[in-house]
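Open the model in your viewer and keep the sequence panel beside it. Each stop below says what to select, then what is there.

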Amino acid sequence: MEQPVLQLQGVSKRFGRFQALKDVDLTVNTGDIFALIGENGAGKTTIMRLVVGLSPMGQGQITLLGEHAGHYRHALSRIGAVIETPTAFENLTVSQNLKVIAIQHGLSDDELIAKTISLVGLEEKAKTKAKHLSLGLRQRLGLAIAVLAQPDFVILDEPTNGLDPMGIVQFRSLGKRLQSEFNTTVLISSHILTELYQVATKFAFLHRGQILQVLTKSELDEKTRGGLEITVSDAAHAAEILDEANLKQLQVRDDSHVVLQNLTTPPEKVNELLVKAGVSVISITRREATLEQYYTQLIQEQGAAK
Ligand SMILES: Nc1ncnc2c1ncn2[C@@H]1O[C@H](COP(=O)(O)OP(=O)(O)OP(=O)(O)O)[C@@H](O)[C@H]1O
């Protein structure tokens with residue numbers, strides 16, 4: 001059954017006079033791969049640091065695995081986190097690093113270490129010292145450290161930072177395996193929105209310290225579903241004609257572009273309607289909005305609403 005793993009209620013945080021988070025409400029449930037999406041400085045890392053107690057609480061309440069931030073007893077031992085640059089023992093090899101972490105968790109299972117190394121695709125570097133790893137490989141070691149003890153909840157801040165394309169592909173499968181094989185709940189931030197879209201099941205859009213919207217993957221898919229981009233001589237007139245024909249979900253982008261969403265009407269029909277009404281149709285193209293475009297649009301709407 002779905003249960004809250006992490007809840008933020010009315011969380012605000014200031015750094016001096018700067019309001020980094022404002023009244024943030026979030027619920028991450030068991031099995032979610034919950035993506036935090038936001039521009040540089042939106043507050044993603046601040047949320048993660050507050051959750052793990054790396055930063056003192058501001059206002060509001062954070063509940064992690066049933067315990068309140070500031071009063072954690074067992075919650076932190078049940079999570080794995082990579083926040084900012086992952087740290088490792090520089091003079092120890094990849095497998096020695098993982099051995100140390102295993103011992104810290106009271107585990108002495110070499111098979112688990114080997115399995116974790118393969119999960120993050122570090123087999124060929126198992127005997128390499130951490131100080132000789134590239135940024136992307138360090139990132140993989142950080143991931144391995146975070147997931148080694150099979151925590152209930154994993155927090156990953158920019159886990160794909162520095163990964164090469166192969167690393168990103170492997171990361172995608174790691175995200176899916178964490179969920180399907182270990183039922184791990186994940187909170188993740190990344191700048192690579194196409195990657196987040198591939199792995200996440202829920203999306204929170206954060207802008208200047210505030211949550212604009214939280215969507216499930218199917219809600220996001222619904223909102224970004226394909227539409228027709230219509231280039232015409234007179235967009236306002238075209239919109240009137242389409243509206244009269246009961247094609248309601250439309251948006252005038254500028255003087256010459258109208259976008260019609262959730263369309264079941266074929267493009268030929270749209271063309272016929274417009275041409276009959278004397279609007280010159282230059283082109284009709286089918287488009288799907290990406291997560292990136294959706295996020296940009298959301299921020300623009302937010303700016304326009306102010
Ligand atoms: N210790 C601090 N002192 C002062 N300001 C801070 C501190 N930590 C974060 N900030 C500010 O708070 C804001 C949010 O920062 P945060 O690191 O959470 O953003 P982010 O969404 O993770 O961005 P990025 O994508 O760049 O990592 C930024 O403007 C940052 O400069």
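**Stop 1: α2 and α3**

Select helix α2, residues 94–104, and helix α3, residues 110–119. This is a predicted model. How do α2 and α3 lie to each other? Their axes come within 10 Å and cross at roughly 125°. Angles over 145 degrees would count as roughly antiparallel, and 65 to 115 as roughly perpendicular. The α2–α3 angle falls in neither class, so the two helices are oblique to each other. The crossing of α2 past α3 is right-handed.

Now show the side chains at the contact. From α2, pick Val-94, Ser-95, Leu-98, Lys-99 and Ala-102. From α3, pick Leu-112, Ile-113, Thr-116 and Ile-117. Colour them by class: 6 are nonpolar, 2 polar and 1 charged.

**Stop 2: α2 and α4**

Keep α2 and add helix α4, residues 135–147. Which way does α4 run relative to α2? The axes of α2 and α4 come within 10 Å and cross at roughly 25°. Angles under 35 degrees count as roughly parallel, and α2 and α4 are therefore roughly parallel to each other. Here too, α2 passes α4 in a right-handed crossing.

Select the contact residues next. α2 supplies Val-94, Asn-97, Leu-98 and Ile-101. α4 supplies Leu-141, Ala-144 and Ile-145. By class, the contact of α2 with α4 has 6 nonpolar residues, 1 polar residue and no charged ones. Val-94 and Leu-98 are worth a label: they touch α3, and they touch α4.

**Stop 3: the ligand shell**

Go to the ligand. Select Phe-15, Phe-18, Ala-20, Gly-38 and Asn-40, which are among the residues around it. Extend the selection with Gly-41, Ala-42, Gly-43, Lys-44, Thr-45 and Thr-46, also around the ligand. Two elements give two or more residues to this shell: β2 (18–29) and α1 (44–51). Which element gives the most? That is α1, with 3 residues. By class, the shell holds 4 nonpolar, 6 polar and 1 charged residues.

**Stop 4: the β9–β10 hairpin**

Select strand β9, residues 202–207, and strand β10, residues 210–216. The strands run antiparallel and are joined by 6 bridges. To check the register, find Phe-203 and its bridge partner in β10, Leu-215. Then move to the turn. β9 and β10 form a hairpin with 2 residues between them. Arg-208 sits in that turn and has a positive phi of about 45°.

**Stop 5: the four-stranded sheet**

Show the strands in the order β12-β13-β11-β14. These 4 strands form an open sheet with antiparallel pairing. Which strands are at the edges? They are β12 (250–254) and β14 (281–287), each pairing on one side only. From one strand to the next, the twist averages 20°.

Inside the sheet, select β11 (residues 227–232) and β13 (residues 257–261), which pair over 5 bridges. Glu-229 has Val-259 of β13 as its bridge partner.

Finish with the helices. Helix α8 (residues 235–244) packs on the sheet and touches β11, β12 and β13. Its direction makes about 175° with that of β12. Helix α9 (residues 267–276) also packs on the sheet, touching β11, β13 and β14. The direction of α9 makes about 155° with that of β14.

Key. Residues are numbered from 1 along each chain as its sequence is written. This is a predicted model: local features need pLDDT of at least 70, side-chain atom pairs count only at pLDDT 80 or more; totals for chains, interfaces and linings use all residues. Two strands pair if DSSP finds at least two bridges between them. Axes are lines fitted to C-alpha atoms, for helices over the stretch in contact, and angles run from 0 to 180 degrees between N-to-C directions. Two residues are in contact if their C-beta atoms, placed from the backbone, lie within 7 Å. A crossing is left-handed if the near helix is turned anticlockwise from the far one by less than a right angle, and right-handed if clockwise. Ala, Val, Leu, Ile, Met, Phe, Trp, Tyr, Cys and Pro count as nonpolar, Asp, Glu, Lys and Arg as charged, and the others, Gly among them, as polar. A residue is near a molecule or strand if its C-beta atom, placed from the backbone, lies within 6 Å of it.
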